[in-house]
Amino acid sequence: MKTNHFLGINNSEGLDAISKSILRINEILAERLKNDRHCFSGVDPKQLQELISGIDLATESDKSLDSIIEDISNLYIEHSVNIYSPLYMAHLHSTVSIETVIGEYLIGLLNPSLDSWDQAPFATEIDELVVSFFLQNIFGKNHRSDGVFTSGGSQSNLMGILLARDIKRQEYNIDSRRESLGQLESKFRIYCSSVSHFTIEKSAWLLGLGEQSVVKLDVDRQFKIDLKKFQEQLVKDISNNCIPICVVSTAGTTDYGSVDPIKEIAEIAEEYRMWHHIDAAYGGAMIFNPKVKWTRYLSLANSITIDLHKMLFQPISSSLFLCNKKEYIQNLNFESDYLNRKEDFEVGMKNLVEKSLQTSRRFDSLKFLLTIQGMKQSGIEDILQGLLDLTRAVALYLKGLDEIELLNEPELSSLVFRYKPIGNKDIDTINRKIRLTLMGEGIVIGETRFNGNTFLKFTLLNPNAKLEDIKEVINAVLNAGHKSSGIA
């Protein structure tokens, strides 16, 4: 059996091979970054599929590691979106810090699994350290809270609604571990804004409550939950024998970056004995920017989602689920004879599977540890504020253009707008064409819908982007719009 594909004791050749491959990959990437500031090759789906079809997964040819790396790296780097380009602004998909890339290498190299202490002793303790750091920044130094890294915001939101469901069932003396859902749960209601993330409905479906349990609330002109209409909806639902179990505030909606009135929603949640989950996947990073005042109200939540792979410059995926009381998250514990024995706890071993929906789990906290040590908290604050300032400057510029309709006043780093030439009725088709035209030119921006109409979107997460870069993209939007609408 050949074992030269694996690292082992005294296997310096294996480490040398890794080092050589990394150097070659860096050379290929450096060439791309040096010669082309565009963020996409412009290849269309059919062309890319034809390129990929030439890759033989089951080949028996005797290819060297060098040739494998050369072939795949060239294709991968050439036809991926270049997140480091200032012309990429389509999604909540950020540039990553140098420190966190090194963290990814260390994670892959030693491959710890954070389900049990004996698989990841150092990683387990660092995970707890980093989670505690976030908890202290939100709930204070004397917190009784807890949290865990997750696979992403979807899982973090699922965990919040899962606990909301089961806490409410406990109030009715129902043991969720043993008893299936019944008539009572069909009355459960979860409230969120009409522009909240789709994972709220998806979570309700996964938890057996169905999409019918999710009440999408009207928003105001700033895309925040309308508190008056929320109160009216609660009164109506309770009169119809529905049971409010949870309200989800969004601190940074995906499209608009809008932040719901968290303090007022927390008061309503307390009044109606609802769980209050805050989806701060996007905006949670602002706990490191003291100029952003709404973050002080995150401590009013029962649970919180924060994605570190959005505005904290981590590779995908890195997310946190935080809970204001340790005993709530302990509801997730299932004991396993081979993983988390009581005897381990007695000798100080923490088996983190006890508070996670996952069993095997990556050491994502290492990436953030290296990032905040390298960039410092003050450096992160400066970068976050810089992105907010850039977004406001771009918004001001867009407002001065006659052919652009700006939909939102930015709170974070998202701008939704559309090209709207005077007298042209087929605006939706034109805006769809603009995005596709720009992609063919190596520029990638977002697209969304509002009131059934097509809009374009900038999501500004690149600390190296300048106003002049964004103006270049705006000019490309205008030129593509002119061509699509037949304007000379």
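**Exercise 1. Find the residues that form the negative surface patch, then place E335 and decide whether it is buried or exposed.**

Solution. Start with the patch itself: E335, D337, E343 and E346 make up a negative patch on the surface. Keep in mind as you work that this is a predicted model. Next, locate E335 along the chain: E335 sits in the loop that links α11 (326-329) and α12 (342-346). Finally, judge its accessibility. The cut-off for exposed is over 50% relative accessible area, and E335 has 56%, so E335 is exposed.

**Exercise 2. Work out which helices supply the nonpolar surface patch, and classify L106 by its accessibility.**

Solution. First list the members: the patch consists of L7, L15, I22, I98, I102, Y105, L106, L109 and L110, and together they have about 800 Å² of accessible area. Now turn to the helices. At least two residues come from each of α1 (12-35) and α4 (98-110). The largest share belongs to α4, which gives six residues. Then take one residue of the patch, L106, which is part of helix α4. Its relative accessibility is 35%; partly exposed covers the range between 20% and 50%, so L106 counts as partly exposed.

**Exercise 3. Trace the strand order of the five-stranded open sheet and identify its edges.**

Solution. Read across the sheet: the order is β1-β11-β12-β10-β9, and the pairing is mixed. The edges are β1 (88-89) and β9 (404-406), as each of these strands pairs on one side only. Now look at the β1 edge in detail. Two bridges connect β1 to strand β11 (residues 444-450), in the parallel sense. For a residue to check in the viewer, pick M89, whose bridge partner in β11 is I445.

**Exercise 4. Establish how enclosed strand β7 is, and describe its pairing with β6 and β8.**

Solution. Begin with burial. Strand β7 (residues 303-307) has five of its five residues buried, so the rest of the structure largely encloses it. Then separate the two faces. In a regular strand, side chains alternate between the two faces of the sheet. In β7, S303, T305 and D307 lie on one side, I304 and I306 lie on the other, and all are buried, leaving both faces covered.

Now for the neighbours. Strand β6 (residues 275-279) runs parallel to β7 and is joined to it by three bridges; here D279 stands opposite T305. Strand β8 (residues 319-323) pairs with β7 in the antiparallel sense, over five bridges. Within that pairing, I306 has L320 of β8 as its bridge partner.

Note on methods:
Residues are numbered from 1 along each chain as its sequence is written. This is a predicted model: local features need pLDDT of at least 70, side-chain atom pairs count only at pLDDT 80 or more; totals for chains, interfaces and linings use all residues. Side-chain values use heavy atoms; hydrogens and water are left out. Patches are made of residues with over 30% relative accessible area and no salt bridge: like charges are joined within 9 Å, nonpolar side chains (Val, Leu, Ile, Met, Phe, Trp, Tyr) within 5 Å. Accessible areas come from the Shrake-Rupley method with a 1.4 Å probe; for residues, only the protein chains shown count as cover. A salt bridge is a side-chain nitrogen of Lys or Arg within 4 Å of a carboxyl oxygen of Asp or Glu. Helices (H or I, at least four residues) and strands (E, at least two) are DSSP runs, numbered from the N terminus. Buried means under 20% relative accessible area, exposed over 50%, partly exposed in between (1.4 Å probe, protein chains only). Lys and Arg count as positive and Asp and Glu as negative; His and the chain ends are not counted. The place of a charge is taken as NZ of Lys, CZ of Arg, CG of Asp or CD of Glu. Two strands pair if DSSP finds at least two bridges between them.
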